[in-house]
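Here is a short briefing to read alongside the structure. Feel free to keep the viewer open and follow each topic in turn.

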Amino acid sequence: MAQTNTAFATTGRSRKGEPFVWLTAAGLTIGVILTLGLLGLVVVKGLEVFWPARLVVLEVEPAEGSGQGTAAGTVAGYVVQERVRRDLAGKTHEEIQVFRGNRELHGEKFVFLDRADIAETRQPGDLLLVERLEGGHVIGRAGALELAGGERLEAGAAGFDERLEQLIEESAGRREELKRIEKDQIGRNAKRVKELNLEAKLAGSDAGVAAELAELREEFERLDGERGEIRERLEADHFVVESADGREIRLAGGELLHVFRPNEAGFLGRLGEMFRRGWTFLSSDPREANTEGGVYPAIFGTVVMTLVMSIFVTPFGVIAAIYLREYAKQGHLVRAVRISVNNLAGVPSIVFGVFGLAFFIYFVGGLVDDTFFPDAEEPVYKSGGILWASLTLALLTVPVVIVATEEALAAVPRGVREAALACGASKWQAIQRVVLPASLPGILTGVILAMARGAGEVAPLMLVGVVKSAPDLPIDGVAPFVHPERQFMHLGFHIYDLGFQSPDSEAAKPMVFATTLLLISIVVVMNLAAIVIRNRLRKKYATSSF
Amino acid sequence: MSPATPPERPSPDPQRFEVSRGTLLLDRAMTQLIRVGGLAVILAVFGIFLFIVKEIIPLFSAAEVEAEEVVRTPGGAPAVLGVDEWGTKPFLYRGGDEVVVVDIRDGAREVLPVPSLEGVEVTAVSYDPVHRRVAVGLADGRVGSFRVNYQTEFDDAGGRRIVAAVEAEPWFEVGVGEGPVKALGYGDGGAERILVAARGNGLAALRLGQKRALIGKPKLTLTGTSDLSGQVSAEVATTVASQNGKAALVATADGKVSYFLVEGGELVLKQVFAPFGDQPPVRMDYLFGGVSVAMTGASGDQKVYSLFRPEGSSERLFGETKEFAGLGEGRPFFAQSLRNKSFLTGAGRQLSVRHLTSGATRWEGELEFEPVAATFDGKTEHFFIAGPQGEVQRFEFDDPHPEAGWRAFFGKVWYEGGSEPVYQWQSTGGSDDFEPKLSLVPLIIGSLKGTFYALLFSVPVALLAAVFSAAFLPHDMKRVVKPAMEIMASLPSVVLGFLAGIWLAPIIEDKVPSILLVCLSLPLSALIFGVVWSRQPRQVRARFEGGREWIVLLPVVLLVSWAAWSLGPVLEKVAFVYRDEASGRAIADFRLWWPQATGLSFDQRNSLVVGFMMGFAVIPVIFTIAEDALSNVPKTLTAAASALGASRWQVVRSIIIPVASPGIFSALMIGFGRAVGETMIVVMATGNTPVTEWNIFSGMRTLSANIAVELPEAAPGSTHYRTLFLGALVLFLLTFFLNSVAEVMRQRLREKNKLV
């Protein structure tokens, strides 16, 4: 449109207002920069979390008049960020924030240092980064292994690394065993005891119940003994780490998760460590008030909730769309309904959350509890849970599916429909065999878009059952295996909770960025899938239209 | 096969055109299923609206009152009517030496003697419903009190019985003045109490203290008497003591009310005011919470005076905060609720229940007899009226949301303790007598404020980008840009909110001048670059024109942004210098300069951060819809304009934008709707303080954030809960309305463009 035909141009086309064209171009440029910048920020910050940074040893000698009041000494750790601080006198200080770990020695895991105070920076190769269960990372040199039988293995001795590796593996196995005993066996035992006690209270105790109770008591004692043994075993071995300032930290073998020497590792070693950290993040449970460990329960909760939501939303959305497009008499009323449905997609999500809380939890949940659980001590369904959250999000996203399905149905050429009818198909047969298959990609696009929207919503979930920590998954090995009333974790809420409710927000930051990256990836991938499907659909109709 | 025998034609199958029963049945079943299912889904979706409305309706309904049978007791009019917490056994005291307890359900009477009153002449009576204490003044100048206590007893069958008992309390000599006690007030603040008594021309305040005894009950002793006779201007008409035992109000015959407060162990006259000119109030009654006093005049006028700090004063004094409708002729009576700021009042046979905060009359009714005393039970579920012939009538009272109403939600309300009527949202407080402040106005302003700043940033970027994309961008680039924008639109807002609060807010906190410079320099530099560019030889221009201008601008924009960003501190040194009053030092810091220059606050998590990040969420929405509208302008129009010699900008300005303007407008409205309802960004990027100012460097609390923060803690069915639903309804209606208008405009535009 904006092309000039130079063959006929004598003076060229009028160029009036050309600067304004550039102004509009700037709008697009800014939009592109902002978009790419935001995505880039999330990707870089998110991947940075997993990339093992080099550990440095800093000799700190505070200069005269530096504001921070850092004590002289040796600090080992990795640099988290740099900043420029202006003090009250207007003087600027270049500062670095260092993660030094070793909470039992320093209290704080992070420290700010003025660059001017740093006398020397070294990168010794033998520095260790030790991950442990509680208390955050430990940074220092390997000291010795104090093993159960009084055996002591100094660092550098032959077989030291192998023995350490073995110790970590053994501990992992023991912890697994401990978890199995505690969760499965003792949990089952306690549940049965509770049931029996209730039975005895209701029906009066009889000999059979008493006998079973005694049996259970015995079993519990045996399990408790096993548990104590494993715990003792976990405490038996110790790994001594020497911190940069020469102090010793004794770590129980059972606490150890992973030991890594970032300064010795080459690029591939660090890459491998990055993948290991990434996998841990995806597959393990959170620790330390969610600031360490992984987000597995949150991923699980998000996926299950989104799937349950789509199970509800797809049939209902499609039926409503078929009704509106194929069965309802097209007129002003249907037009008004269509506009309204369209607009519901624009109603703030929190409104749906409000409705979900009042209707699903207090009203329906209250009815279910009154009918089926009249003597439960705590509300079963009359409190937030994954079922209510899924239903709420289904309501929230049903307009998306209706609109997408309607568009897809409308795009099926009239000729196809008429041909089917002319061949003697009934109306439903025409819809079932011809119209629906043709519009399937469109419907799928709508469902995927709805899922993407549902996966990213947080505000309504805060009202209907999402929690910061839910150790019991909504689907697990305990009968009846599916627990739709359970509260659950969610990636989006995880971000909110870690970023804003965490007691140690500095320590939580890496986890939030990692979770953000994960959530954005999920949403973007879903959207891309929807776009690809839609493009295929368009091509198909471009060739098959009559 | 020989040609002589032509193939036999198949005999026509009579069932060939018959439809199988199964097909028909299935078709019918599916038709029904889809009809019912489709309608059900649509109705269910709209049911949301109805359900929310259903939750709100009780907020606007009046109190419900049901009168029960009148129970008659022999004897005359009672001076005091009191009742137990559960509203079952009212007691009447007629000024003698006995208390009559009536079981309201069967009319059974029980007479409880008050031994300490035997053989004395009672001349003045006052009643404190909180402690169920009757204070009496005697003809011989003594004052004292007794309490009526109720206890629940359970009999063997598990039945509950409420038993009343009288607890005597010591006598005290007034000491000041002569003759019988004619008015008194008793204020019980636990350890510290006050008893005000008027006797002849004398007025005295007795301060009582509760001494903890080693054995047995704590003993009540007189800690001091203040002679206030000289401090009032005329004869005392009526008096009342505050419930914290620290203050007293005395009304005199010349219409003046004196306010005394205990300070340093003495009563000090703080204030004298005249609520009804030269007429003294007939009644003065403290309301629940002990901060406000309802004054009732001789002609039935009713005003409420509350304690607050007037501007420029450091002391809390009484001031008129509410005026209620007149009660009419007759002797006024009064009863306070012990749960909330409601009170029951009236004169003659007229009864009305009023609420202090909202100033509304919750219920009005008429009685069969002329009441002489009234009282509420402990839960404000019943009230009782006593008549001149000893009638007692119980009324069932149901008013779950007295503090709600249009005026409370959308009007300025003069709350207790405030110096003027304000719009305020503060739904929960520390104490039981807290007065919830439920004005939605600060929240609506907060929502509009966040939206305004979001649109301020996003509208220019989104619309400029949409115009460029629709009018100049080559098709292959458009195929990437549009889906990218759609993906941006579906970015979870919790991510944006997190980035705003954790990453952006600390960065721009001390870089405001840089931000200002960037915002100013970017459009300017684009324009200037355009001017310079168009002077270049055609060979250079041709390489990039025709839709690739934005690529040329990429380095320009980055460079200019970087330069402006680095120049920010320089600008700060020149223009935003804070002068410290005390030391006279000058500090170049915008954060300090802004409050000094404008008197407004500067928060780290402010509207600028919200505007920027929420703008991010809105840009793709506006862009997509506006771009659609701009792209769909019929080619015939633009081609005609080009053919007539219009430059490409002239085509855009005079054809494309005007034709697509309804579409652009609807894009803005949908963007507005998205920003108004945005929750997570606001929750995370602002301090969530309700404000009523438009300062860009302060935070806000929006309707949506308010719901997200407060609803999980609100008790279902409470006023607070329902008010949050009202907020949700406001959001629903606002966005639904905006979107509907936008949608209709878009459809009209589409049809108009079809005709061209």
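In this predicted model, chain B is divided into three stretches of assignment: domain 1 covers 288-415, domain 2 combines 441-510 with 600-755, and domain 3 combines 511-533 with 544-588. Between the C-alpha centres of domain 1 and domain 3 of chain B there are 61 Å. The points below take up a helix pair, an open sheet and a run of paired strands.

**Helix packing**

- Helix α6 of chain B (residues 512-534) packs against helix α8 of chain B (residues 549-575) at an angle of about 140°, and their axes are 8 Å apart.
- The crossing of α6(B) past α8(B) is right-handed.
- On the α6(B) side, the residues that meet α8(B) include B:P513, B:L517, B:V518, B:L522 and B:F529.
- On the α8(B) side, those that meet α6(B) include B:L553, B:V556, B:V560, B:W565, B:G568 and B:E572.
- Sorted by class, this contact of α6(B) with α8(B) holds 14 nonpolar residues, five polar and one charged.

**The open sheet**

- In chain B, four strands line up in the order β2-β3-β4-β5 to make an open sheet with antiparallel pairing.
- Why do β2 (80-82) and β5 (109-113) of chain B each have one side without a neighbour in the sheet? Both stand at the edges and have a single partner strand each, so one side of each is left free of a neighbour in the sheet.
- On average, neighbouring strands of this sheet are turned by 20° against each other, with direction ignored.
- Five bridges link strand β4 of chain B (residues 98-102) with β5(B) in the antiparallel sense.
- Within that pairing, B:V101 has B:E110 in β5(B) as its bridge partner.

**Hairpin and the next strand**

- Strand β12 of chain B (residues 192-199) runs antiparallel to strand β13 of chain B (residues 202-211), and eight bridges join them.
- Which residue of β13(B) is the bridge partner of B:L195? That partner is B:L206.
- Two residues lie between β12(B) and β13(B), which form a hairpin. In the turn, B:G200 has a positive phi of about 60°.
- β13(B) also pairs with strand β14 of chain B (residues 219-227), in the antiparallel sense and over eight bridges.
- Here B:A205 has B:S226 in β14(B) as its bridge partner.

Terms used
Residues are numbered from 1 along each chain as its sequence is written. Chains are lettered from A and ligands numbered from 1 in the order in which they are written. This is a predicted model: local features need pLDDT of at least 70, side-chain atom pairs count only at pLDDT 80 or more; totals for chains, interfaces and linings use all residues. Two strands pair if DSSP finds at least two bridges between them. Domain bounds come from an automatic or database domain assignment. Axes are lines fitted to C-alpha atoms, for helices over the stretch in contact, and angles run from 0 to 180 degrees between N-to-C directions. A crossing is left-handed if the near helix is turned anticlockwise from the far one by less than a right angle, and right-handed if clockwise. Two residues are in contact if their C-beta atoms, placed from the backbone, lie within 7 Å. Ala, Val, Leu, Ile, Met, Phe, Trp, Tyr, Cys and Pro count as nonpolar, Asp, Glu, Lys and Arg as charged, and the others, Gly among them, as polar.
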